[in-house]
Amino acid sequence: MWPFLSQERSAPLLSRRWQNFLTTFIVAGVSLTFLFWMVFPATTRPSAFYPISRVPDEFCNELKTVPQKSAPIPNIVHYVWLLRDPTQLQLDFRAFVTMYSSYLYFQPEKIYIHTDATSEVFEKAKTAGEIWTRRVLAIPGITPNYVVAPNVTSKGVPIKLMEHQADSLRIAALREFGGIYLDMDAIPLRDIGSLRNSGFANVVGGAFALTTKHSGYVNNGVMMAKPHSNLMEIYYRAADQFFDGSWATASVLLLTDLANRLSSIPSEVLILQPTAFAPMSWEDEDKKRLFQPHFKTPATTGLLGDNGPRELKGTCLDAMAWLKERESEGKVEKWEMDFSSSYILHAFDDELEKIWGWDHKINLEYVLARQSNYARAVYPAIWHAIQAGVIEEE
């Protein structure tokens with residue numbers, strides 16, 4: 001018989017030292033597990049995270065237009081730009097980067113700017129605004145859509161923040177017109193015709209995150225939809241129902257819940273991996289990787305003629321040549337990121353002052369130097385604009 005199983009032993013089964021050790025070990029393990037789930041909570045959501053049963057469905061019977069399955073997502077681009085000063089419409093270099101890239105790569109029928117500016121203020125900005133404002137508004141296809149920024153929901157909840165007003169307007173634009181919505185810091189990198197013609201009524205993408213806590217969400221800074229799609233009709237009304245004034249309740253969180261649940265409907269929602277639309281996160285570490293210049297890399301002098309928009313052919317040899325080129329020693333910088341799998345770069349460009357070591361200016365000189373990942377990603381479109389005489393090299 002094993003000694004510790006003996007009925008005759010009067011001594012404790014384990015020494016007090018070992019008992020204390022095991023107690024400490026178990027308590028520490030439980031504490032660490034609790035701490036882990038506090039810091040890195042599970043990202044899965046209940047199937048009914050938002051009780052859509054609270055949203056009246058009578059509107060479904062009122063819909064006059066139902067998207068045709070064979071029809072593509074319209075080639076219309078939408079931006080929302082609300083004014084802090086109602087007397088001035090000002091757009092900067094970063095606005096030019098995204099809008100010119102949309103014009104260049106998408107060749108859209110229209111580029112809507114949904115704005116609360118008056119027609120007088122808009123027209124004045126076209127002729128008498130600052131240089132980048134005039135350049136933006138001169139891009140072919142730019143079309144104002146004059147709107148009133150919503151300030152209260154149908155339930156009487158105030159919509160105070162401009163960001164929340166913009167959330168509402170982007171959903172309304174896609175619901176009514178269909179097309180492609182882009183935040184002002186979302187930069188097209190290539191054509192998305194294949195996605196528009198994919199047969200899906202809506203195309204969205206995941207949001208990249210550096211931590212588990214922020215993973216698993218759908219990015220509402222880039223969305224594609226047919227007019228009056230099921231997702232956009234429900235999203236429009238559910239956002240009004242559930243808005244409570246908090247930052248993401250009626251935007252990212254609601255969109256994530258609806259997109260995942262409606263994906264079970266054939267051809268309703270295509271959810272792409274995060275690298276498609278948002279290969280970088282909004283967290284400071286990623287902003288630094290994207291925007292901080294690498295001054296040890298010599299700045300580009302003059303224009304690089306081989307950096308215009310590039311369309312690869314679909315042969316196996318072309319694919320192999322592309323892969324080998326990216327692997328060649330000295331072909332790319334060690335710090336350089338590869339956005340080959342990205343259609344759009346959502347470059348979260350707020351609070352850049354947190355990045356030390358440069359003046360935080362994103363301008364023409366910064367892009368032409370090609371010393372950052374952001375600059376190298378957007379350079380081809382700026383190169384094209386200079387070659388086309390749209391802007392002059394400063």
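**Exercise 1. Which strands does helix α6 lie across, and at what angle does α6 run to β1?**

Step 1. Locate the helix: α6 spans residues 162-177. Helices (H or I, at least four residues) and strands (E, at least two) are DSSP runs, numbered from the N terminus.

Step 2. List the strands. Helix α6 lies across β1, β2, β3, β4 and β7. Contact means heavy atoms within 4.5 Å.

Step 3. Read the angle. Helix α6 runs at about 160 degrees to β1. Axes are lines fitted to C-alpha atoms, for helices over the stretch in contact, and angles run from 0 to 180 degrees between N-to-C directions.

Step 4. Add a second helix. Helix α4 (residues 119-128) lies across β2 and β3, and runs at about 160 degrees to β3.

A note on the source: this is a predicted model, where local features need pLDDT of at least 70 and side-chain atom pairs count only at pLDDT 80 or more, while totals for chains, interfaces and linings use all residues. Residues are numbered from 1 along each chain as its sequence is written, and side-chain values use heavy atoms, with hydrogens and water left out.

**Exercise 2. What is the strand order of the open sheet, and which strands are its edges?**

Step 1. Write the order. The open sheet has 7 strands, β3-β2-β1-β4-β7-β6-β8, with mixed pairing. Two strands pair if DSSP finds at least two bridges between them.

Step 2. Find the edges. β3 and β8 (269-272) each pair on one side only.

Step 3. Add the twist. Neighbouring strands of this sheet are turned by 25 degrees against each other on average, direction ignored.

Step 4. Check an antiparallel pair. Strands β4 (residues 179-182) and β7 (residues 218-225) run antiparallel and are joined by 4 bridges. Here Leu182 has Val222 in β7 as its bridge partner.

**Exercise 3. How do β1, β2 and β3 pair, and why is β2 largely enclosed?**

Step 1. Start with β1 (residues 76-81). Strand β1 pairs with β2 in the parallel sense over 6 bridges. Val77 has Ile111 of β2 as its bridge partner.

Step 2. Follow the chain. From β1 it passes through helix α3 (residues 93-106) to β2, a right-handed β-α-β crossover. Right-handed means that, with the strands pointing away from the viewer, the path from the first strand over the helix to the second runs clockwise.

Step 3. Move to β3 (residues 142-146). Strands β2 and β3 are parallel too, over 5 bridges. Thr115 stands opposite Tyr146 in β3.

Step 4. Judge the burial. Strand β2 (residues 110-115) is largely enclosed by the rest of the structure because 5 of its 6 residues are buried. Buried means under 20% relative accessible area, exposed over 50%, partly exposed in between (1.4 Å probe, protein chains only).

**Exercise 4. Which residues form salt bridges with Glu123, Glu233 and Arg261?**

Step 1. Set the rule. A salt bridge is a side-chain nitrogen of Lys or Arg within 4 Å of a carboxyl oxygen of Asp or Glu. The count is 11.

Step 2. Take helix α4. Glu123 meets Lys126 at 3.7 Å, N to O. The two lie 3 residues apart, about one turn of the helix. Glu123 is partly exposed at 40%, and Lys126 is partly exposed at 36%.

Step 3. Take helix α8 (residues 230-242). Glu233 bridges to Arg237, with the closest N and O atoms 2.6 Å apart. Glu233 is buried, at 1%.

Step 4. Take helix α9 (residues 249-262). Arg261 and Asp257 meet at 2.9 Å, N to O. Arg261 is partly exposed at 33%, whereas Asp257 is buried at 7%.
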